[in-house]
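Work through the following exercises with the sequence and the model at hand, trying each task before reading its solution.

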Amino acid sequence: MSQTHRLLLIAPPAMTRTPAFDRAAALAVAMQLPVHIVAYDYSQALAVAGLFAPEQFARARDGYLQTHRQWLADQAGLMSKHGVEVTSEVVWVQHPYEEIINFINEMPLTLIIKDAREESALKRVFFTPLDWQLLRDCPVPVHLVTTPLNARPRNVLAIIDVLRDEDQDHVFNDQIIDAAAKLATICDANLELLHVYDWTAVYVQDMGFGALPLATGIYEILGTAQQHAFAAIAERHGVPPERRHFKEGAPVAGICEFVSEHDIDVIVMGTVQNRGLSKLLGTTAEQLLHRAPCSVLAIKPGRVLQS
């Protein structure tokens, strides 16, 4: 396959145009990259029926796939009107994650874009099992889109954790900020940098509940140290003071409040695998993804956003 970097847009099985289409088109124009759109179709009921009537199954499947291919081709045509080079395909497969890995192995991908369904009544976002696989294991940066507003992001938020104490974790913070800065530059958007310092969690972890009333001095020292560390990394990346935000409190609530107050379009955050690759490491990342107040760009350690 071509060695040109491109964006991979994963379309929903239903033939509906989601916000991810507009985001992919806007990013493709801004990054001057081609887009490949793929939709994964599979019906368990139809597959079972095919065991008893294989010829009828093949005709039904092929007819549906052709209809879906034409629909995707129409969507590709709309994108191409903006000067984007677009290709598309529909794949009949039960487990799409393995097919996505094949794409990664066959073509250089800058970013994978997919929609995540927003449940407005509950102010939550619904993630499919494929979403969680991508967030856990996919080696390429993953962008899950939740809102139809601002196809090209206007406000980008990088979330870092200055409590990271290992050298590789410091580098990970740098990668998160670099990815957010690239996205903001590409889209001519504002870049905000945020760290929410949960001092109660530090108390409980390091000293236990019984030490809470006695540790006021230590709390002040820890808070000051974290502020200095945050200022240092912001300075190193050239983030101006008015774009640096150091907050104290519960991380998830603080991040969601900040996103609402500053009209953030995309959160750029790091995700790390737990032992056994069973889930995302870190309760903040997990809880934030469950609540997802806006679209999310997830970065893995060692992976950069190509621009």
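**Exercise 1: an aromatic pair between helices**

In this predicted model, F21 is buried, and W71 is buried as well. Classify the geometry of the ring pair F21 and W71, and state which helices hold the two residues.

Solution. Begin with the geometry: the ring centres of F21 and W71 are 5.8 Å apart and the planes stand at 90°, and since an angle over 60 degrees counts as edge-to-face, the pair is edge-to-face. Next, place the residues: F21 belongs to helix α1 (residues 19–31) and W71 to helix α3 (residues 54–80), so the pair ties together parts that are 50 residues apart in sequence.

**Exercise 2: an aromatic pair between strands**

Describe the pair formed by Y197 and F246, and place both residues in the chain.

Solution. The rings of Y197 and F246 lie 6.2 Å centre to centre with 40° between the planes, which makes the pair tilted. Y197 sits in strand β9 (residues 190–197) and F246 in strand β10 (residues 244–248), so that this pair links distant parts of the chain, 49 residues apart. Y197 has a relative accessibility of 1%, and because buried means under 20%, Y197 counts as buried. Finally, ring pairs join Y197 and F246 with F230 into a cluster.

**Exercise 3: a pocket lining**

Characterise the second largest pocket, whose volume is about 620 Å³.

Solution. The lining comprises 30 residues, of which P13, Y40, K114, T128 and L130 are the closest to the pocket centre. Among the elements, α5 contributes the most to this lining, with four residues. By class, the lining has 17 nonpolar, seven polar and six charged residues.

Terms used: Residues are numbered from 1 along each chain as its sequence is written. This is a predicted model: local features need pLDDT of at least 70, side-chain atom pairs count only at pLDDT 80 or more; totals for chains, interfaces and linings use all residues. Side-chain values use heavy atoms; hydrogens and water are left out. Rings of Phe, Tyr and Trp (its six-membered ring) pair if their centres lie within 6.5 Å; planes under 30 degrees apart count as stacked, over 60 as edge-to-face and the rest as tilted. Buried means under 20% relative accessible area, exposed over 50%, partly exposed in between (1.4 Å probe, protein chains only). On a 1 Å grid over the protein atoms alone, a cavity is a set of points where a 1.4 Å probe fits but cannot get out, and a pocket is an open set with protein on both sides within 12 Å along at least five of seven lines; lining residues have an atom within 4 Å of a point. Grid points are joined across faces, edges and corners, and a volume is the space filled by probe spheres set on the points. Ala, Val, Leu, Ile, Met, Phe, Trp, Tyr, Cys and Pro count as nonpolar, Asp, Glu, Lys and Arg as charged, and the others, Gly among them, as polar.
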